[in-house]
Amino acid sequence: MSATPIPRSLALTAFGESDISTIRTMPPGRKPVETHLARMGNEQRVYNFVQRELDAGRQAYFVYPAIDEGGTRELRSATDMADTLDRHFSDHSVGLVHSRMDSDERARTMRRFQDGEIDVLVATSVVEVGVDVPNATCMVIEHAELFGLAALHQLRGRVGRGDVQAYCVLVYQEPLTDDGKERLRVLYQSTDGFHIAEEDLRIRGPGDLLGTRQAGFLPLRLSLIHI
């Protein structure tokens, strides 16, 4: 059972008998998450909006693709932005989680966020699954163009788990690749996990049907035998 079928799983259904049950209704009381796009450089408006949500007693996630600075591309990182956001939201508490933290420390931070002691959680994709905080209404993903569709959909699913309106903002950096534009377009236009998986399959391929590679197109060849 999956809330977000990956392209390889979707492709495998074509090679065997599969019974599929689809739940297309929201849990009672929940509202669809509003998704918005923001170009990097204009994100101050996003921060101001998050400030209003925090002032109303809500909580927010800020997600980044890197733990710290490094590599050949200049990226905003979770550790650096935790300090920046701590200064920006000075009247609210800010926490940080990422995969290189001690597991006990990470668990303590997550519990503090779940208990409402932390208002803004700065993270990498470690919060993609298994986090349920109904009071969190804002998911801001910076450098969203670098995340896959399945990850973006799962991250968006961390908000909207209560009975109040929730928001997801995809902050992207130009120039965008064609695939990057397609991924952002799909997530902006749809909240249907199956449709998103179908689009992900179209964009990046199913990977190896009998192997472990989960992206890329099949090297199918056609042989004609004349008798």
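On a 1 Å grid over the protein atoms alone, a pocket is an open set of points where a 1.4 Å probe fits, with protein on both sides within 12 Å along at least five of seven lines, and its lining residues have an atom within 4 Å of a point. Grid points are joined across faces, edges and corners, and a volume is the space filled by probe spheres set on the points.

The model is predicted, so local features need pLDDT of at least 70 and side-chain atom pairs count only at pLDDT 80 or more, while totals for chains, interfaces and linings use all residues. Residues are numbered from 1 along each chain as its sequence is written, and side-chain values use heavy atoms, with hydrogens and water left out.

**Exercise 1.** Describe the second largest pocket by its volume, its lining residues and the character of those residues.

*Solution.* Begin with the volume: about 220 Å³ of space lies in the second largest pocket. Next, list the lining, which consists of His36, Leu37, Ala38, Asn42, Arg45, Val46, Phe49, Tyr167 and Val169. Then place these residues on the fold, where strand S1 (34–39), helix H2 and strand S6 (167–172) each supply at least two residues of the lining; helices (H or I, at least four residues) and strands (E, at least two) are DSSP runs, numbered from the N terminus. Finally, sort the lining into six nonpolar residues, two polar and one charged, where Ala, Val, Leu, Ile, Met, Phe, Trp, Tyr, Cys and Pro count as nonpolar, Asp, Glu, Lys and Arg as charged, and the others, Gly among them, as polar.

**Exercise 2.** Classify the aromatic pairs Tyr47–Phe62 and Tyr61–Phe113, and locate the residues of each pair in the chain.

*Solution.* A search of the whole structure finds five aromatic pairs; rings of Phe, Tyr and Trp (its six-membered ring) pair if their centres lie within 6.5 Å, and planes under 30 degrees apart count as stacked, over 60 as edge-to-face and the rest as tilted. The ring centres of Tyr47 and Phe62 are 5.7 Å apart with planes at 65°, so this pair is edge-to-face. It links distant parts of the chain, since Tyr47 is in helix H2 (residues 44–55) and Phe62 is in strand S2 (residues 59–63), 15 residues apart. Buried means under 20% relative accessible area (1.4 Å probe, protein chains only), exposed over 50% and partly exposed in between, so Tyr47 at 6% counts as buried, as does Phe62 at 0%.

For Tyr61 and Phe113, the centres are 5.0 Å apart and the planes lie at 65°, so this pair too is edge-to-face. Because Tyr61 lies in strand S2 and Phe113 in helix H4 (residues 103–114), the pair ties together parts that are 52 residues apart in sequence. Both Tyr61 and Phe113 are buried. As a last step, note that Tyr47, Phe62 and Phe89 form one aromatic cluster.

**Exercise 3.** Work out the surroundings of Gln51 and of His98.

*Solution.* Gln51 is found in helix H2, and its 17% relative accessibility means that Gln51 counts as buried. Leaving out residues up to four places away in sequence, Gln51 touches His88, Phe89, Asp91 and His92, where contact means heavy atoms within 4.5 Å. His98 lies in the loop between strand S3 (94–97) and H4, and at 9% relative accessibility His98 counts as buried. With neighbours within four places set aside, His98 is in contact with Ile67, Thr79, Arg106, Thr124 and Val126. A polar atom of the His98 side chain also lies 3.2 Å from the backbone nitrogen of Arg100.

Methods:
A polar contact is a pair of N or O atoms within 3.5 Å; within protein, one must be able to donate a hydrogen and the other to accept it, and residues adjacent in sequence count only if both atoms are side-chain atoms.
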